[in-house]
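Work through the following exercises with the sequence and the 3D structure open beside you. Try each task before you read its solution.

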Amino acid sequence: MQTTVESIRGANDQVQPLELSLVVPVFNEEESIGPLVERIVAAMADYPHRWELILVDDGSTDATLVNARKFVSREGLTLRIVELQRNFGQTAAMQAGIDTAQGRLIATMDGDLQNDPKDIPSMVSELERRELDLLVGWRKNRQDGLLLRKIPSWCANYLIGRITGVKLHDYGCSLKIYRASIIKQVKLMGEMHRFIPAWVAGVVPSSRIGEMAVTHHARQHGTSKYGISRTFRVILDLLSVMFFMRYKARPGHFFGSLGLGLGGLAALILIYLGFDKFIMGNDIGTRPMLMVGVVLLLSSVQMITTGILAEMIARTYYRDDASPNYIVRQIFSRES
């Protein structure tokens with residue numbers, strides 16, 4: 001009788017669609033990878049639906065991949081390991097995991113044991129209850145250094161919220177839950193993983209993006225991949241986000257507006273100088289204002305021309321952009 005029940009349960013598991021894919025990018029986390037998988041398995045033990053774990057090895061140079069492969073054949077765990085050909089960065093690794101995921105929902109988290117996988121089931125329930133497309137973790141009691149991590153993070157969160165209009169307490173938390181149909185419409189590039197809520201806001205209304213307080217632990221193994229230099233990169237990335245959110249589909253408007261503004265100023269200067277030359281009879285050949293007017297006119301032409309070229313490039317991008325920003329060497333799973 002027990003064998004029959006187990007057989008029926010196994011058949012139901014095969015029929016039941018995959019509900020959740022948990023994506024974890026890892027890079028040189030050889031000491032953390034074992035405890036990480038164990039914690040995830042323990043946290044998801046009572047989850048009532050089928051789920052899978054996707055570890056993306058972002059070109060690790062230590063034993064991260066070797067240690068991760070030990071769990072491929074573990075009973076009760078559906079594990080796939082995506083090995084990237086080299087280190088492409090966290091954003092590309094996250095994109096590779098999202099592209100590989102097959103679940104209706106996708107969860108992402110860091111592989112350094114600072115995120116707690118016990119929060120995932122409750123976050124999934126909260127996402128469904130509030131009918132959201134993205135639920136972002138909020139490290140309310142963050143276990144990081146004040147000067148180098150917390151203060152820059154607070155400043156960045158404030159600036160990002162002001163510029164993008166998506167106001168969250170913690171943009172940098174990797175623990176997030178997405179609807180797969182939504183996040184797969186967003187292509188992550190560069191180091192833009194910290195701006196994912198802003199990119200998602202370009203696909204759905206910001207009212208469908210929420211946050212939830214989650215647990216945060218201090219780093220136990222290895223060293224942080226981030227430093228104070230990240231603050232400057234965040235500022236540059238934020239400018240890119242602002243441009244893409246407002247002018248991605250119409251870059252000609254951005255450059256054209258600058259060109260018309262410069263052209264208008266150049267026209268005023270040159271008209272004034274023309275009046276002074278031909279009506280008042282004054283010599284303008286050695287006046288600095290003449291050089292300023294000419295430079296502004298040339299800059300105006302250059303900006304308008306750049307806008308036209310940007311429009312052409314944007315149309316090519318939307319038509320032909322299908323290439324990934326990563327290269328997969330191999331995928332390990334129980335079937336492979």
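The exercises below go from the whole chain to the sheet, then to single helices, strands and residues.

This is a predicted model, in which local features need pLDDT of at least 70 and side-chain atom pairs count only at pLDDT 80 or more, while totals for chains, interfaces and linings use all residues. Residues are numbered from 1 along each chain as its sequence is written, and side-chain values use heavy atoms, with hydrogens and water left out.

**Exercise 1. The whole chain**

Task: State how many helices and strands the chain has, and what share of its residues counts as buried.

Solution: Begin with the secondary structure, where helices (H or I, at least four residues) and strands (E, at least two) are DSSP runs numbered from the N terminus. On this basis the chain has eleven helices and eight strands. Next comes burial, where buried means under 20% relative accessible area, exposed over 50%, and partly exposed in between, with a 1.4 Å probe and protein chains only. Of the 336 residues of the chain, 45% are buried. Finally, take contacts, meaning heavy atoms within 4.5 Å: among those between residues at least 6 apart in sequence, 81% join residues at least 24 apart.

**Exercise 2. The sheet**

Task: Give the order of the strands in the sheet, and explain why strand 7 and strand 8 each have one side without a neighbour there.

Solution: Two strands pair if DSSP finds at least two bridges between them. With this rule, the eight strands form an open sheet of mixed pairing, in the order 7-5-6-4-1-2-3-8. Strand 7 (209–214) and strand 8 (328–332) stand at the edges, and because each has a single partner strand, one side of each is left without a neighbour in the sheet. From one strand to the next, the twist averages 20°, where axes are lines fitted to C-alpha atoms (for helices over the stretch in contact) and angles run from 0 to 180 degrees between N-to-C directions.

The mixed pairing can be followed in two pairs of strands. Strand 1 and strand 2 run parallel and are joined by seven bridges, and Val26 has Asp57 of strand 2 as its bridge partner. Strand 5 (residues 134–139) and strand 6 (residues 176–179), by contrast, pair in the antiparallel sense over three bridges, with Lys176 in strand 6 as the bridge partner of Val136.

**Exercise 3. Strand 1 and the helices across the sheet**

Task: Decide whether the two faces of strand 1 are covered or uncovered, and find which strands helix 2 and helix 5 lie across.

Solution: In a regular strand the side chains alternate between the two faces of the sheet. On one side of strand 1 are Leu20, Leu22, Val24 and Val26, on the other Ser21, Val23 and Pro25, and all are buried, which covers both faces. Seven of the seven residues of strand 1 are buried, so this strand is largely enclosed by the rest of the structure.

Now turn to the helices. Helix 2 (residues 33–43) lies across strand 1 (20–26) and strand 2 (51–57), and runs at about 165° to strand 2. Helix 5 (residues 119–129) lies across strand 1, strand 4 (105–108), strand 5, strand 6 and strand 7, and runs at about 45° to strand 6.

**Exercise 4. Helix 4 and Thr100**

Task: Explain why helix 4 can be called largely enclosed, and name the contacts of Thr100.

Solution: Ten of the eleven residues of helix 4 are buried, so the helix is largely enclosed by the rest of the structure. The cover over these buried residues includes strand 1, strand 2, strand 3 (79–84), strand 4, helix 7 (180–183) and helix 8 (196–201). Thr100 is found in helix 4 (residues 90–100) and, at 15% relative accessibility, counts as buried. Leaving aside neighbours within four places in sequence, Thr100 is in contact with Ile54, Arg80 and Val82.

**Exercise 5. Two residues with positive phi**

Task: Are Leu113 and Glu131 buried or exposed?

Solution: Leu113 lies in the loop between strand 4 and helix 5, and has a positive phi of about 70° although it is not a glycine. At 1% relative accessibility, Leu113 counts as buried. Glu131 is found in the loop between helix 5 and strand 5, with a positive phi near 55°, also in a residue other than glycine. Glu131 is exposed, with a relative accessible area of 53%.
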